[in-house]
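The following note is offered to a colleague who is meeting this structure for the first time. The points are numbered so that each may be checked against the model in turn.

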Amino acid sequence: MSTHANAILDLDHVVMTDGRICRVVGNLDHPTKFVGYNVYSPHPDGDRLFRDVPYRKNYTEDDDLPLDALDTYVMLPKARIREHLDPLTAAAANSSTFADTPWSALHAELTNLFGPGAVGIFGSAMLGMHLTPSGHVRKDVDFVIEGAGNIPVLREQLPAIRAKLGFTEVAGARQGRQYERYRRVFRNQNNSTDLVIGRRWTAVQAPNGVVTTIRFRDPTVRMPYQLAGAFPIQARETTVTGQVADADLGNLFPRMFRLLTRGYAYTVHLWWWKFSSPVRDGDTITVRGSRRDLPGEPVIRVSSFTSHWLQIHHP
């Protein structure tokens, strides 16, 4: 456990003074604040225990169907953090709790490939909330790899890891069920939601049929404070078609990539957690989002579930 609040990073989890547990969202470039998603809340009827207190898991996007992804996140003061947990420390402390499961074998392969200092766990396994009362893993274990430079390494090595462990890519039927769930959330018909689901290259399906998606974070990639809050009233909606560059940054959060047009370049910030690795270098795409000009390249922030979209054009 870390108590140095200023070091909080994307996918860390923090317990607030009111007991809420938040997943840290992005590496906010601000000395005293962070962006969080309230993933677990104390509740007397909760089916999970943390520090002997019952909690329930929140599914805000799926249950509340907010208009904008930013409605699900809150900018919070670091001073209200009671406890801070980071993925790398959690992996070392909690790996024994999923021993003799497929997730233990996957953890070992990732650690052999990247080293223990670059492989962490987040979510319920970080908190000790991933076990049933009988001590079995409820579903999956969520892994995160640190460092954007490791993205192409995993892309090259993951097929061999899947084959060695008896894992597979996500089955087509499972992708179809994901699409039915996702289109309730991403409600603009211009989105290439089905194609994005099919491109989730970091997803692995265990022999028991359970799927997990390996995530990435990079402490050096900072999220500008101006992009995490309300845009000024003069910000305008824009629709841009161009070619994708720096697509590997789409594996971080917020999803990021460059969009190149004739004589112009934009940085796209995509705030949709479910859109994992959504684009590839060289893709021709159209995005609809909110434009804001910061020092350097102009930024298009894609966050609305209803009025924004990401459309991948087929060759």
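1. A residue is called buried when its relative accessible area is under 20%, and exposed when that area is over 50%. The structure is a predicted model, and the points below should be read with that in mind. By this cut-off Asp283 is buried, because its relative accessibility is 12%.

2. Asp283 belongs to the loop between E15 and E16. Apart from residues within four places in sequence, its contacts are Arg199, Gly242, Gln243, Val244 and Ile312. With Arg199 there is a polar contact from side chain to side chain, at 2.5 Å. His314 stands 31 residues from Asp283 along the chain, and the two C-alpha atoms are 8.6 Å apart.

3. The loop that joins strand E15 (264–270) to strand E16 (284–293) also holds Ser277. Although Ser277 is not a glycine, its phi is positive, at about 40°. Ser277 counts as buried because its relative accessible area is 5%.

4. Leu11 likewise calls for inspection of its backbone: this residue is not a glycine, yet it has a positive phi of about 75°. Leu11 is located in the segment before strand E1 (13–16). Is Leu11 buried or exposed? With a relative accessibility of 1%, Leu11 is buried.

5. Asn27 sits in the loop that runs between strand E2 (21–24) and strand E3 (33–42). Its relative accessible area of 6% places Asn27 among buried residues. Which backbone atom does the side chain of Asn27 reach? The partner is the backbone nitrogen of Asp10, at 2.9 Å.

6. The surroundings of Asn27, leaving out residues up to four places away in sequence, consist of Leu9, Asp10, Asp218, Pro219, Val221, Arg222 and Met223. Glu237, by contrast, is not listed among these contacts: Asn27 and Glu237 are 25 Å apart from C-alpha to C-alpha, with a sequence separation of 210 residues.

7. A further backbone feature is the cis peptide bond between Phe253 and Pro254, where omega is about -5°. Pro254 is part of the loop between strand E13 (236–245) and strand E14 (255–261).

8. Two packed helices are described by the angle between their axes and the distance between the axes. For helix H3 (residues 102–114) and helix H5 (residues 151–165), the axes come within 11 Å and the crossing angle is roughly 145°. The crossing of H3 with H5 is right-handed.

9. On the H3 side of this contact are Ala105, Leu106, Glu109, Leu110, Leu113 and Phe114, and these meet Val153, Leu154, Gln157, Ile161, Lys164 and Leu165 of H5. Sorted by class, the residues in the contact are nine nonpolar, one polar and two charged.

10. The largest nonpolar core has 76 residues. Within it, the members that touch the most others are Ile21, Tyr73, Trp103, Leu110, Leu154, Trp271 and Val287. Of these, Leu110 and Leu154 also take part in the contact of H3 with H5. Apart from residues up to four places away in sequence, Leu110 touches Gly115, Val119, Phe143, Ile145, Leu154 and Ile214. There is also a second, separate core of eight residues, among them Val14, Cys22, Val24 and Leu76.

Definitions and conventions. Residues are numbered from 1 along each chain as its sequence is written. This is a predicted model: local features need pLDDT of at least 70, side-chain atom pairs count only at pLDDT 80 or more; totals for chains, interfaces and linings use all residues. Side-chain values use heavy atoms; hydrogens and water are left out. A nonpolar core is a set of buried Ala, Val, Leu, Ile, Met, Phe, Trp, Tyr and Cys residues joined through side-chain atoms within 4.5 Å. Buried means under 20% relative accessible area, exposed over 50%, partly exposed in between (1.4 Å probe, protein chains only). Contact means heavy atoms within 4.5 Å. Helices (H or I, at least four residues) and strands (E, at least two) are DSSP runs, numbered from the N terminus. A polar contact is a pair of N or O atoms within 3.5 Å; within protein, one must be able to donate a hydrogen and the other to accept it, and residues adjacent in sequence count only if both atoms are side-chain atoms. Axes are lines fitted to C-alpha atoms, for helices over the stretch in contact, and angles run from 0 to 180 degrees between N-to-C directions. A crossing is left-handed if the near helix is turned anticlockwise from the far one by less than a right angle, and right-handed if clockwise. Ala, Val, Leu, Ile, Met, Phe, Trp, Tyr, Cys and Pro count as nonpolar, Asp, Glu, Lys and Arg as charged, and the others, Gly among them, as polar.
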